[in-house]
Amino acid sequence: MDTVTPLNVIVDNLVEMTELFTKVAMGDGLAPLLVLMGTLLIVFSVAVFGALTLGAVGSLFTSS
C-alpha cells in the first residue's frame with residue numbers, strides 16, 4: 001500500500017511538470033525558442049533581484 005504524504009505529492013508533481021515541459025520544449029516551431037527566452041528572462045530577473053536583496057541586507061550590517 002502506497003502512503004500519500006505531502007512530500008510524495010510535491011515530488012510527483014515536479015516529475016510530471018518536468019516531463020510536460022520537456023515535451024513542450026522539444027515541440028515544433030518556435031516552442032523551443034520561447035521556452036529558452038522565458039528561462040533567460042526568469043534567470044535574469046532572479047539574479048538582479050537577488051543582487052539587490054543581498055545589497056540591502058549587506059547595507060543593514062555596515063556602518064556609514
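Start with the whole chain: buried residues make up 2% of the 64 residues in the protein. This is a predicted model, and the tour goes from the overall outline to single residues.

**Whole chain.** Show the cartoon. The protein has two helices and zero strands. Its radius of gyration is 19 Å, well over the 11 Å that the globule rule gives for 64 residues, so the protein is more spread out than a compact globule. Align the view to the principal axes, and the C-alpha atoms fill a box of roughly 60 × 45 × 5 Å. Switch on the surface: about 5,900 Å² is exposed by the protein, and carbon and sulfur atoms supply 76% of that area.

**The loop.** Select G29, in the loop between α1 (6–25) and α2. G29 counts as exposed because its relative accessibility is 68%, where exposed means over 50%. Now add G55 and draw a distance between the two C-alpha atoms. G29 and G55 are 26 residues apart along the chain, and their C-alpha atoms are separated by 41 Å.

**The end of α1.** Go next to A25, which lies in helix α1. Its relative accessibility is 18%, so A25 counts as buried; the cut-off for buried is under 20%. Show the neighbours of A25: leaving aside residues up to four places away in sequence, A25 touches P32 and V35. Then select L36 as well. A25 and L36 are eleven residues apart in sequence, while their C-alpha atoms lie 8.2 Å apart in space.

**The nonpolar patch.** Keep L36 selected and add L30, L33, L34, M37 and L40. These residues form, with L36, a nonpolar patch on the surface. Together the members of the patch have about 610 Å² of accessible area. Pick out L33, one of the patch residues, which has its place in helix α2 (residues 31–60). L33 counts as partly exposed because its relative accessibility is 46%, and that class lies between the cut-offs of 20% and 50%.

**Last view.** Return to the full chain with A25, G29 and L33 highlighted. A25 is buried, G29 is exposed, and L33 is partly exposed.

Conventions
Residues are numbered from 1 along each chain as its sequence is written. This is a predicted model: local features need pLDDT of at least 70, side-chain atom pairs count only at pLDDT 80 or more; totals for chains, interfaces and linings use all residues. Side-chain values use heavy atoms; hydrogens and water are left out. Patches are made of residues with over 30% relative accessible area and no salt bridge: like charges are joined within 9 Å, nonpolar side chains (Val, Leu, Ile, Met, Phe, Trp, Tyr) within 5 Å. Accessible areas come from the Shrake-Rupley method with a 1.4 Å probe; for residues, only the protein chains shown count as cover. A salt bridge is a side-chain nitrogen of Lys or Arg within 4 Å of a carboxyl oxygen of Asp or Glu. Helices (H or I, at least four residues) and strands (E, at least two) are DSSP runs, numbered from the N terminus. Buried means under 20% relative accessible area, exposed over 50%, partly exposed in between (1.4 Å probe, protein chains only). The radius of gyration is taken over C-alpha atoms; the globule rule is 2.2 Å times the number of residues to the power 0.38. Contact means heavy atoms within 4.5 Å.
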